[in-house]
Amino acid sequence: MGVLYENNSGTWDPVRGLWVKDGSSWSAAEKAFIKQNGNWVQVYPAPAGIVTATPSSLTFSTYINATSNTQRVVISNSGTDNLTINSITGINIPEFLLNVDTTGLGGSSNITIAPGDSGYIDVAIYGQTVSTESSLISIVYNSGVLGIVNTSIPVTGTTLARYATISVNPTSV
């Protein structure tokens with residue numbers, strides 16, 4: 001399966017839309033098919049796997065030299081063709097390390113998710129410096145016609161000091 005092309009004055013360009021005439025009016029076609037080896041195959045819009053992450057961003061809080069609670073992100077294929085995930089990685093920064101567990105997808109690379117199906121990743125941070133910072137989880141996948149796509153899940157992490165402070169008022173008795 002590939003991209004549908006049209007001849008534009010000797011140059012072959014990808015089709016950006018299809019139109020159908022109904023009587024005297026034109027309207028955008030929703031789908032187009034061709035017969036290939038005796039079977040009808042959809043060619044427009046071109047089938048593609050599409051990553052949908054729920055939730056679409058994460059926020060953590062932890063203490064220095066400690067791991068936060070785990071949060072789950074569901075990775076779904078909202079496209080019309082198989083989704084092949086090439087890699088899922090957490091982008092570590094000096095303030096915190098991202099721990100991305102891909103067991104719920106069956107691995108961290110070359111993962112296939114059928115249209116409408118999903119898996120999950122579990123994410124936590126390990127705080128290294130007292131601060132609030134942002135990073136990303138990168139998901140690189142093959143979307144079919146669009147080729148290799150990189151999508152990201154934003155992650156915000158707050159790392160707190162391990163000790164608490166107490167204020168006493170009045171200061172003397």
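Select valine 74 and tyrosine 120 to begin: in this predicted model, valine 74 stands opposite tyrosine 120, a residue of strand S13. Keep tyrosine 120 displayed and add arginine 72. The charged end of arginine 72 sits over the ring of tyrosine 120, at 3.6 Å from the centre of that ring. A search for aromatic pairs, by contrast, returns nothing, for the structure holds zero of them.

Next, colour the whole of strand S13, residues 118–127. Seven of its ten residues are buried, so the strand is largely enclosed by the rest of the structure. Two strands can now be added in turn. Strand S9, residues 71–77, is joined to S13 by six bridges, and the two run antiparallel. Strand S11, residues 96–101, is likewise joined to S13 by six bridges in the antiparallel sense. To locate the pairing of S11, select leucine 98, whose bridge partner in S13 is isoleucine 125.

Turn now to the open sheet of five strands, and colour them in the order S8-S15-S14-S10-S12; their pairing is mixed. At the edges lie strand S8 (58–63) and strand S12 (111–113), each of which pairs on one side only. From one strand to the next, the twist averages 35°.

At the S12 edge, select strand S10, residues 83–90, which pairs with S12 in the antiparallel sense over three bridges. Leucine 83 marks the spot, with isoleucine 113 as its bridge partner in S12.

Then move to threonine 159, which lies in strand S15, residues 148–160. Is threonine 159 buried or exposed? Its relative accessible area is 2%, and because the cut-off for burial is under 20%, threonine 159 counts as buried. Show its surroundings: leaving out residues up to four places away in sequence, threonine 159 touches Thr62, Tyr63, Ile64, Glu95, Gly127, Gln128, Thr129, Val130 and Ser131.

The last stop is the largest nonpolar core, which has 24 residues. Which of its members touch the most other members? They are Ile75, Ile85, Ile121 and Ile137, and these four may be selected together. Centre the view on isoleucine 85 and display its contacts. Apart from neighbours within four places in sequence, isoleucine 85 is in contact with Ile75, Ser109, Asn110, Ile111, Ile113, Ile139, Val140 and Tyr141. Among these contacts, Ile75 is itself one of the four core residues highlighted above.

How values were computed: Residues are numbered from 1 along each chain as its sequence is written. This is a predicted model: local features need pLDDT of at least 70, side-chain atom pairs count only at pLDDT 80 or more; totals for chains, interfaces and linings use all residues. Side-chain values use heavy atoms; hydrogens and water are left out. A nonpolar core is a set of buried Ala, Val, Leu, Ile, Met, Phe, Trp, Tyr and Cys residues joined through side-chain atoms within 4.5 Å. Buried means under 20% relative accessible area, exposed over 50%, partly exposed in between (1.4 Å probe, protein chains only). Contact means heavy atoms within 4.5 Å. Helices (H or I, at least four residues) and strands (E, at least two) are DSSP runs, numbered from the N terminus. Two strands pair if DSSP finds at least two bridges between them. Axes are lines fitted to C-alpha atoms, for helices over the stretch in contact, and angles run from 0 to 180 degrees between N-to-C directions. Rings of Phe, Tyr and Trp (its six-membered ring) pair if their centres lie within 6.5 Å; planes under 30 degrees apart count as stacked, over 60 as edge-to-face and the rest as tilted. A charge sits over a ring if NZ of Lys or CZ of Arg is within 6 Å of the ring centre and within 35 degrees of the ring normal.
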